[in-house]
Amino acid sequence: MRYVCPICGYVYDEGKEGVPFSALPDSWTCPLCGAAKAVFAPEQPAAPAPPPAPAPLPLEQGPEELSPGVLAALFSNLARGCEKQYQAKEQALFAEIAAFFQASTPEVPDAGVAALAAMLREDVQSVYPALAATATEAGDRGTQRVRVWGEKVTRMLQSLVDRYEREGEAFLRDTHIWVCSVCGFVYVGDRPPELCPVCKVPAWKFDKVEGRASR
């Protein structure tokens, strides 16, 4: 039996490894991206029956309906995209707009780990499938690619938050947190991966998170 990581595509082959996947400890993680054992799924046949398509997102929704926090994230991502394309002037403008909306973002009353975990689950289970359906209906390959990257990053965040809920601060003790500056992939370890498991940029594109507040 073979089990596949949905984030980086690593395959755990029981026949080659000599250890059943079920016998691995719950603390086992993907050797490439660090995803938790719980996110792995059995390898599917080459042509599985497609699941029912979720309802597309309403296309009439405009930026005027987005909150300052969402707009801050949107323009920050646009700035990152311009950085990747070496468009320094556009990057600076998008970063300035992102900073404006970030300063306008009110504090979230319930910003606990449990609330974050619930939001990540909702994104993985409902939001990204709906976005995929919308992009497919519109024939928008660019959005599909962004959706794939975003879903993988979100799945990794969900895996890390679930692990934090189980292990607490011990999970982050004596280690570092690295964030890919291109796609936002988060990695916990002494060093960043040689290549980002999501967008494949080299390790030097990762930023180390400094100054985490202790609880």
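Where is serine 27 found? Let's keep that one in mind as we walk through the structure, which is a predicted model.

1. **The overall plan.** The protein chain has 215 residues, of which 33% count as buried. Its secondary structure comes to five helices and six strands. If you follow the sequence from start to end, you will meet them in the pattern β-β-α-β-α-α-α-α-β-β-β. Try tracing that pattern in the structure above before you read on.

2. **Back to serine 27.** Serine 27 is found in the loop between H1 and S3. Its relative accessible area is 48%, and exposed would need over 50%, so serine 27 counts as partly exposed. Along the chain, serine 27 and arginine 163 are 136 residues apart, yet their C-alpha atoms are separated by 8.5 Å.

3. **An aromatic pair to look for.** The structure holds nine aromatic pairs. One of them joins tyrosine 3 and phenylalanine 21, with 4.3 Å from centre to centre and 15° between the planes. Planes under 30 degrees apart count as stacked, and this pair is stacked. The two partners come from distant parts of the chain: tyrosine 3 is in strand S1 (residues 2–4), while phenylalanine 21 is in the loop between helix H1 (14–17) and strand S3 (41–42), 18 residues away. Both tyrosine 3 and phenylalanine 21 are buried.

4. **A second pair, with another geometry.** Phenylalanine 100 and phenylalanine 101 also form an aromatic pair, and this one is edge-to-face. Their centres are 5.3 Å apart, with 75° between the planes. Is phenylalanine 100 buried or exposed? Its relative accessibility is 54%, so phenylalanine 100 counts as exposed.

5. **The company phenylalanine 21 keeps.** Which residues form one aromatic cluster? They are Tyr3, Tyr12, Phe21, Trp28 and Phe40. Phenylalanine 21 has a charged partner as well: the charged end of lysine 37 sits over the ring of phenylalanine 21, 5.4 Å from its centre. It is worth finding phenylalanine 21 in the viewer, since the stacked pair with tyrosine 3 involves this residue too.

6. **Helices H2 and H3.** Helix H2 covers residues 68–84 and helix H3 covers residues 88–103. Their axes come within 8 Å and cross at roughly 165°. An angle over 145 degrees counts as roughly antiparallel, and therefore H2 is roughly antiparallel to H3. The crossing of H2 and H3 is left-handed.

7. **Helices H4 and H5.** Now look at helix H4 (residues 113–138) and helix H5 (residues 141–167), which pack at an angle of about 160° with their axes 9 Å apart. That angle is why H4 and H5 are roughly antiparallel to each other. H4 passes H5 in a left-handed crossing. What kinds of residues make up the contact of H4 with H5? There are 13 nonpolar, six polar and seven charged.

8. **Two residues with positive phi.** Tyrosine 86 has a phi near 60°, a positive value in a residue other than glycine. Tyrosine 86 is placed in the loop between H2 and H3. With a relative accessible area of 73%, tyrosine 86 is exposed. Aspartate 174 also has a phi near 60°, again a positive value in a residue other than glycine. The place of aspartate 174 is in the loop between H5 and strand S4 (177–180), and its relative accessible area of 74% makes aspartate 174 exposed.

9. **Serine 159 and alanine 36.** Serine 159 is found in helix H5. Is serine 159 buried or exposed? Its relative accessible area is 3%, so serine 159 is buried. Serine 159 and alanine 36 are 123 residues apart in sequence, but 5.7 Å apart in space, C-alpha to C-alpha.

10. **Valine 11 and cysteine 30.** Valine 11 belongs to strand S2 (residues 11–13). At 26% relative accessibility, valine 11 counts as partly exposed. In sequence, valine 11 and cysteine 30 are 19 residues apart; in space, the separation is 9.1 Å, C-alpha to C-alpha.

Conventions. Residues numbered from 1 in each chain as written. Predicted model: local features only at pLDDT ≥ 70, side-chain atom pairs only at ≥ 80, totals over all residues. Heavy atoms only, no water. Axes fitted to C-alpha atoms, helices over the stretch in contact; angles between N-to-C directions. Helix = DSSP H or I, 4+ residues; strand = E, 2+ residues; numbered from the N terminus. Parallel < 35°, antiparallel > 145°, perpendicular 65-115°, else oblique. Left-handed = near helix turned anticlockwise from the far one by under 90°. Nonpolar A, V, L, I, M, F, W, Y, C, P; charged D, E, K, R; others polar. Phe/Tyr/Trp six-rings, centres within 6.5 Å; stacked < 30°, edge-to-face > 60°. Buried < 20%, exposed > 50% of the residue type's maximum accessible area, 1.4 Å probe, protein only. Lys NZ or Arg CZ within 6 Å of the ring centre and 35° of its normal.
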